[in-house]
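Hi,

Here is the structure I promised to pass on to you. Have a look around in the viewer before you read my notes below.

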Amino acid sequence: MKKFSLLLAALFTASLLHAQDSLTIRKIYDEALVNGKAYENLRYLCKNIGGRLSGSANAQKAVEWSKKLMENYGFDKVYLQEVMVPHWVRGEKETAFIIDGKTRIPVPIAALGMTIATPKEGITANVVEVRSLKELETLGESVIKGKIVFFNRPFDQRFIETGHAYGMAGDQRFMGPAAAAKYGAVGVIVRSLTGSIDDYPHTGATLSGSGTQQIPAAAISTKAADKLSNMLRLRKLPLIKFYFKQSCQLLPDVLSYNVIGELTGTENPDKFISVGGHLDSWDLAEGAHDDGTGVMQSAEVLRLFKAIGYRPKNSVRAVFFMNEENGHKGGTKYAELAAQNKEQHIAAIETDEGGFTPRGFSFDGVSKDFIKNINDKYKAILEPYEVDKLTIGGSGTDIEPMKEKLPGVVLIGYRPDSQRYFDIHHTPNDVFENVNKRELELGAAGMAAFIYLIDQHGL
């Protein structure tokens, strides 16, 4: 009888806790959907500051404005972390042509981040098309030397999660130019990393550093890539050449900052749950989805807690990392300083896949038993808000250094719908107008709800 009474008491207590959780999460969503600030904050970031490549004047403006934004919200702590970042500049707009005998066909290209300039007169050479680094290696110096290598592996459209297609195609952009240089190539053009067929070239970082052989490298739009590939296939190769010119530079590193806002925990002020994205962006557009949405959602999580009067047990941080796009210095510095300060991080969430409709969260490096437990605890309460897909998967570039530096931290990736992200990612189309207000607010609310659950009940 006593055991039965204890069981009833436990069930009653659990029911009350679940009811309180449901009420709090409903308050979070109501505040986000009725009074949300992330969308208007994003408008300011995009329209009043714009593209924010590390080391640029706009990046510094974004740091100063972000710090002031968090201070105005009255977070318990707001501060900057110094970090030295690369300073790469694109220079004049790139030009490129397919040369077919006496015919010159203009095509859209964009210099890859961290690449070097062409000579002032540009580069003209025959083209060797390859689909993989392995094919490049097989052809070797006898075929590659003196040529422009054209990496033309498209997205694999069979993946439902488009990030997998990006990962499978991405080596040709990141490692392709350095690999081609070893075989004597004079330049590289890479098919843009997207499943869309359009005329927007997608930039992105390529490998650079001490010991890396450097040749000019650019992304070519997918429409232009298909045109060039067809022309190479239909005509004799010596008749088809490619010309491109770019004037980018890598300048000395400059001082920049991570921007951090914090709500101090009422019970465990020295334990931390963080949510963050990267404040820097590429220079082709406004950096709206990549990753203006992520940083504005992160600040919104803390604002939502304050608005509904929730004081977390553990300290909750919003972290705006600097230099994710072309160096990862901000994430590395954050992890180093957290380790130096002997901070205990319970969990870190990264939002860097755009501000699209929320789907759930993925957990980096955990077991199947862990995922089962997480689903048992939280799926039912998140399901009404359609943010209940809790799976094993990646987390994010900026929080990844915590894995080594902060033992015990659980790394989590926020997962919105992926179908449109790589149509926009790293292109001139990454503008505020392509962000949906409600989707953005739902994402901020979903992350706040999940952080609330972690704060209350742990992982």
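**Pockets and cavities**

The largest pocket in this model has a volume of about 1400 Å³. Its lining is made up of 49 residues, and the ones closest to the pocket's centre are Tyr166, Glu324, Asp352, Glu353 and Thr397. Please keep in mind that the model is predicted.

Which parts of the chain build that lining? Helix H5 (162–169), helix H6 (171–174), strand S14 (358–363), strand S15 (389–392), S16 and H13 each bring at least two residues to the largest pocket. H5 gives the most, with four residues. If you sort the pocket lining by class, you get 12 nonpolar, 21 polar and 16 charged residues.

There are also closed spaces: the structure holds two cavities of 30 Å³ or more. The largest cavity has about 60 Å³ of space. Among the residues lining this largest cavity are Trp282, Asp283, Glu286, Asp290, Glu325, His426 and Asp430. By class, the lining of the largest cavity splits into three nonpolar, four polar and five charged residues.

The second largest cavity holds about 50 Å³ of space. Its lining includes Thr115, Pro177, Leu207, Gln213 and Ile215. Here the residues divide into five nonpolar, five polar and no charged.

**The nonpolar cores**

In soluble globular proteins, nonpolar side chains tend to be buried together. For an example, go to the largest nonpolar core, which has 69 residues; Phe305, Phe361 and Phe363 are the ones that touch the most other members. Helix H14 (residues 437–457) gives the most to this core, with 11 residues. Apart from this core lies another one of 20 residues, with Ala125, Ile148, Phe150 and Ile220 among them.

Phe363 is a good residue to click on. What does Phe363 touch, if you leave aside its neighbours within four places in sequence? Its contacts include Phe370, Ile371, Ile374, Leu390, Ile392, Val410, Ile412, Phe450 and Leu459. Phe363 also belongs to a cluster linked by ring pairs, together with Phe361, Phe370, Tyr378, Tyr414 and Phe450.

**Aromatic pairs**

Searching the whole structure turns up 19 aromatic pairs. One of them is Phe155 with Phe422: the ring centres are 5.9 Å apart and the planes meet at 70 degrees, so this pair is edge-to-face. The pair ties together distant parts of the chain, with Phe155 in the loop between strand S6 (148–151) and H5, Phe422 in helix H13, and the two positions 267 residues apart. Are these two residues buried or exposed? Both Phe155 and Phe422 are buried.

For another geometry, try Phe242 and Phe244, which form a tilted pair at 6.2 Å centre to centre, with 50 degrees between the planes. Phe242 and Phe244 are both buried as well.

**A buried serine in a loop**

Ser418 sits in the loop between strand S16 (410–416) and helix H13 (421–424). Ser418 has a relative accessibility of 7%, which is under the 20% cut-off, so this residue counts as buried. Setting aside residues up to four places away in sequence, Ser418 touches Ile160, Glu161 and Thr162.

**Some unusual backbone spots**

Most residues other than glycine have a negative phi, and most peptide bonds are trans. With that in mind, here are three places to check.

- The peptide bond from Asp290 to Asp291 is cis, with omega near 5 degrees. Asp291 lies in helix H9 (residues 288–308), while Asp290 is one of the residues lining the largest cavity.
- Lys342 is not a glycine, yet its phi is positive, near 55 degrees. You will find Lys342 in the loop between helix H10 (329–340) and strand S13 (344–350). Lys342 is exposed, because its relative accessible area is 73% and the cut-off is over 50%.
- His426 is not a glycine either, and its phi is positive at about 65 degrees. His426 lies in the loop between H13 and H14. With 6% relative accessibility, His426 counts as buried, and His426 is also part of the lining of the largest cavity.

Have fun exploring, and write back with any questions.

Cheers

Technical notes. Residues are numbered from 1 along each chain as its sequence is written. This is a predicted model: local features need pLDDT of at least 70, side-chain atom pairs count only at pLDDT 80 or more; totals for chains, interfaces and linings use all residues. Side-chain values use heavy atoms; hydrogens and water are left out. Buried means under 20% relative accessible area, exposed over 50%, partly exposed in between (1.4 Å probe, protein chains only). Contact means heavy atoms within 4.5 Å. On a 1 Å grid over the protein atoms alone, a cavity is a set of points where a 1.4 Å probe fits but cannot get out, and a pocket is an open set with protein on both sides within 12 Å along at least five of seven lines; lining residues have an atom within 4 Å of a point. Grid points are joined across faces, edges and corners, and a volume is the space filled by probe spheres set on the points. Ala, Val, Leu, Ile, Met, Phe, Trp, Tyr, Cys and Pro count as nonpolar, Asp, Glu, Lys and Arg as charged, and the others, Gly among them, as polar. A nonpolar core is a set of buried Ala, Val, Leu, Ile, Met, Phe, Trp, Tyr and Cys residues joined through side-chain atoms within 4.5 Å. Rings of Phe, Tyr and Trp (its six-membered ring) pair if their centres lie within 6.5 Å; planes under 30 degrees apart count as stacked, over 60 as edge-to-face and the rest as tilted.
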